Amino acid sequence: MPAKAEKKLEDLFYETLRDVYYAERKLLKALPKLAKGAESPDLTAAFEKHRDETEGHVERLQQVFEIVGKRAQGKTCPAIDGIVEEGEEIMEDFKSSPALDAGLISAAQAAEHYEITRYGTLKRWAQELGMTDAVKLLDQTLAEEKKTDEALTKLAETAANQRAKAA
Ligand code: FE
Ligand code: FE
């Protein structure tokens, strides 16, 4: 790690890559719990599908680490730790309640939005740094995160929110 005064965009890029690498691996462990916790089979299926996609996200990040020629090593991300912790809290506090799925969706969307902001930034920085292949990889994952977020919104609006409101 160079002295502070010498740190540049590529250093920022690498540190942020490590952050999201940690986040993806954390989510790889959290998503099966969400899938198991959900009441609706559709929501379980959505979480399982995204768990599988998340394996791909980890692999793409490993490819980006290779492109920058550095070791794939995560760096603790307190933001995703907090988001996952809040999700666990909802799972516990709303267990067997009609509002459970709406709560799980909201927790998962917090994670997706975190990933979207990280991948959006990384993609932009990769463009600035002229790393065409990294841009492609980051953009593929970004698209899957956005699609997942939209699918969760749909599940909330078509079912979970209604169930949560019904007495
Ligand atoms: Fe992801
Ligand atoms: Fe995701």
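**Aromatic contacts and an iron site**

Biologist: Are Tyr-14 and Phe-65 buried or exposed?
Modeller: This is a predicted model, in which local features need pLDDT of at least 70 and side-chain atom pairs count only at pLDDT 80 or more, whereas totals for chains, interfaces and linings use all residues, and side-chain values use heavy atoms, with hydrogens and water left out. Residues are numbered from 1 along each chain as its sequence is written, while chains are lettered from A and ligands numbered from 1 in the order in which they are written. Buried means under 20% relative accessible area, exposed over 50%, and partly exposed in between (1.4 Å probe, protein chains only). On that scale, both Tyr-14 and Phe-65 are buried.

Biologist: How many aromatic pairs does a search of the whole structure find?
Modeller: Rings of Phe, Tyr and Trp (its six-membered ring) pair if their centres lie within 6.5 Å; planes under 30 degrees apart count as stacked, over 60 as edge-to-face and the rest as tilted. Searching the whole structure in this way gives a number of aromatic pairs equal to 2.

Biologist: How far apart in the chain are Tyr-14 and Phe-65, which form a pair?
Modeller: Their rings are edge-to-face, at 6.0 Å centre to centre with 85° between the planes. Tyr-14 belongs to helix H1 (residues 9-37) and Phe-65 to helix H2 (residues 41-68), where helices (H or I, at least four residues) and strands (E, at least two) are DSSP runs numbered from the N terminus, and the separation of these distant parts is 51 residues.

Biologist: Why is the pair of Tyr-21 and Phe-65 described as it is?
Modeller: Tyr-21 counts as buried at 3% relative accessibility, and Phe-65 is buried too, with a relative accessible area of 1%. The ring centres of Tyr-21 and Phe-65 are 5.2 Å apart and the planes stand at 75°, so the pair is edge-to-face.

Biologist: Which residues coordinate the iron ion (ligand 2)?
Modeller: Donors are N, O and S atoms within 2.8 Å of the metal (3.2 Å for Na, K and Ca), and water is not among the atoms, so sites may look incomplete. At 2.0 to 2.7 Å, the coordinating residues are His-50 (NE2), Glu-112 (OE, listed twice), Glu-115 (OE) and Glu-145 (OE).

Biologist: Which residue coordinates both the iron ion (ligand 2) and the iron ion (ligand 1)?
Modeller: The two iron ions are 3.2 Å apart. The residue that coordinates both counts as buried, at 1% relative accessibility, and is Glu-115.
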